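Good morning, colleagues. I should like to take you through one structure, beginning with its backbone and ending with its aromatic rings.

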Amino acid sequence: MDIKSLIRNNILNLKPYTSARDIYDSTEGILLDANENSFGSTFIELNGIELNRYPDPHQKDIRKITGDYYSIPSENIFFGVGSDEVIDLLVRVFCNPGKDNVIIPEPTYGMYKVACDINNIETREILLNDDFQIDLDAIKEKVDEKTKMIFLCSPNNPTGNELNKTEIKYLCNELNLIIVLDEAYIDFSINDTLVNEIKNLNNLIVLRTFSKAWGLAGIRSGFCVADEEIINILFMVKAPYNISSLTRYALEKAVVNFSLKDKYVTSIIKEKERLKNQLESLQIVKKVYKSDANFLLVKFENAKLVQNKLFEKGIIVRDRSTQPKLENCLRISIGNEEENDILWEELRKIEKSKN
Ligand SMILES: Cc1ncc(COP(=O)(O)O)c(C=O)c1O
């Protein structure tokens, strides 16, 4: 597919910000090019990280480490301040404000629409089908010559299920537009990622995050995997030093320590099964949806009442009832054992008070 034809003209013609370190690619030497503080940083030195210096704008270290871990060439990786930043950048790269449109199968993660709204891009919401799978006909009906992008999320937030991979690939092959596949929760799934398909499908962009399985929501780090042509354009558009030295330091340490991530994933999945079984034994629960993520979508008799009662006890869950097809549904993140025990106790009390 001709990716250039999908990119906004002003972005294609952009003269990106450059710094001396685009040419002088080293942290050694007498660095008098970036108006930093050469005397030092006001933050205590952290294992030799020089916080008085700007970080590498090319993200070389973290792309390499992450690429090696996930077996993805680093040329195909771009890091953002969380995948939320990547979502925003993608909308800005491909969609002309006030002209183009984006298709979003609902119910799904809310930031896709927010990013489009901020950038004045029309969103065409369609519904996932009753199994929360892609409705191919509905998508085809909505696509026109101004459609630039479709956002898909698998496993989907807040429904928890994975989308059919054959259908995702079909859309990539059939439609002359960008397919953004958000795999924020893929580490919790036993099924494969579509990351490797970017070799065959140059209009597929896969989003990943360190905020979920890796337990690093606080460092704000997510990335996308895509054809090098798209990655190069993202590098032109991003703020010069978007990923901080502290984030990079945390990432380097975390990826080396990947077995801890694996341990967390195992514990979260185990707790999810335990909570699912408990929830299914309650009369106030109408349905617990199958989840390949780190949360459960639960249909209650009266979601608002349950949410309020839990809130009174300091337990916060997300009401998703206003989203299409999710009447009376709460999304419950999987806590640790102790938190889940407390949740279970409170849910039992709500059940009892009802009888
Ligand atoms: C599907 C999905 N994508 C992306 C994000 C945001 O990830 P990040 O923390 O990397 O910005 C979330 C956060 O909840 C999410 O649910």
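Pro155 has its place in the loop between β4 (147-153) and α6 (165-174). Helices here are DSSP runs of H or I with at least four residues, strands are runs of E with at least two, and both are numbered from the N terminus. Before going further, I note that this is a predicted model, in which local features need pLDDT of at least 70, side-chain atom pairs count only at pLDDT 80 or more, and totals for chains, interfaces and linings use all residues. Residues are numbered from 1 along each chain as its sequence is written, and side-chain values use heavy atoms, with hydrogens and water left out.

Let me stay with that loop. The peptide bond from Ser154 to Pro155 is cis, with omega near -5 degrees. Pro158 is also found in the loop between β4 and α6, and a cis peptide bond, with omega about 15 degrees, joins Asn157 to Pro158. As general background, most residues other than glycine have a negative phi, and most peptide bonds are trans.

Phi is the next topic. Asn35, in the loop between α1 (9-12) and α2, has a positive phi near 55 degrees without being a glycine. Phe132, in the loop between β3 (122-127) and α5 (136-142), is likewise not a glycine and has a positive phi of about 60 degrees. Are these residues buried or exposed? Asn35 counts as exposed at 76% relative accessibility, whereas Phe132, at 6%, counts as buried. The terms are set as follows: buried means under 20% relative accessible area, exposed over 50%, and partly exposed in between, with a 1.4 Å probe and protein chains only.

I turn now to helix packing. Helix α9 (residues 258-280) and helix α11 (residues 337-354) have axes that come within 11 Å and cross at roughly 5 degrees. The axes are lines fitted to C-alpha atoms, for helices over the stretch in contact, and the angles run from 0 to 180 degrees between N-to-C directions. The crossing angle makes α9 roughly parallel to α11; angles under 35 degrees count as roughly parallel, over 145 as roughly antiparallel, 65 to 115 as roughly perpendicular, and the rest as oblique. On the α9 side, the contact is made by Glu271, Arg274, Leu275, Gln278 and Leu279, and on the α11 side by Glu337, Asn340, Asp341, Leu343, Trp344 and Leu347. Contact means heavy atoms within 4.5 Å. By class, this contact of α9 with α11 has five nonpolar, two polar and four charged residues. Ala, Val, Leu, Ile, Met, Phe, Trp, Tyr, Cys and Pro count as nonpolar, Asp, Glu, Lys and Arg as charged, and the others, Gly among them, as polar.

The second packing involves helix α3 (residues 82-94) and helix α7 (residues 228-237), with axes 10 Å apart and an angle of about 100 degrees. That angle makes α3 roughly perpendicular to α7. Here Leu89, Leu90, Val93 and Phe94 of α3 meet Ile230, Ile233, Leu234 and Val237 of α7. The contact of α3 with α7 has eight nonpolar, no polar and no charged residues.

One residue in strand β7 is Cys224, which counts as buried at 0% relative accessibility. Leaving aside neighbours within four places in sequence, Cys224 is in contact with residues including Val86, Ile231 and Leu234.

Finally, the aromatic rings. How many aromatic pairs does a search of the whole structure find? The search finds 14. Rings of Phe, Tyr and Trp (its six-membered ring) pair if their centres lie within 6.5 Å; planes under 30 degrees apart count as stacked, over 60 as edge-to-face and the rest as tilted. The rings of Tyr70 and Phe223 have centres 6.1 Å apart and planes at 40 degrees, so this pair is tilted. Tyr70 lies in helix α2 (residues 60-70) and Phe223 in strand β7 (residues 222-225), 153 residues apart, and both are buried. Phe79 and Phe223 also form a tilted pair, with ring centres 5.3 Å apart and planes at 35 degrees. Since Phe79 belongs to strand β1 (residues 77-80) and Phe223 to strand β7, this pair ties together parts that are 144 residues apart in sequence.

Ring pairs link Tyr69, Tyr70, Phe79, Phe210, Trp214, Phe223 and Phe258 into a cluster. In addition, the charged end of Arg208 sits over the ring of Tyr70, 4.8 Å from its centre; this requires NZ of Lys or CZ of Arg within 6 Å of the ring centre and within 35 degrees of the ring normal.
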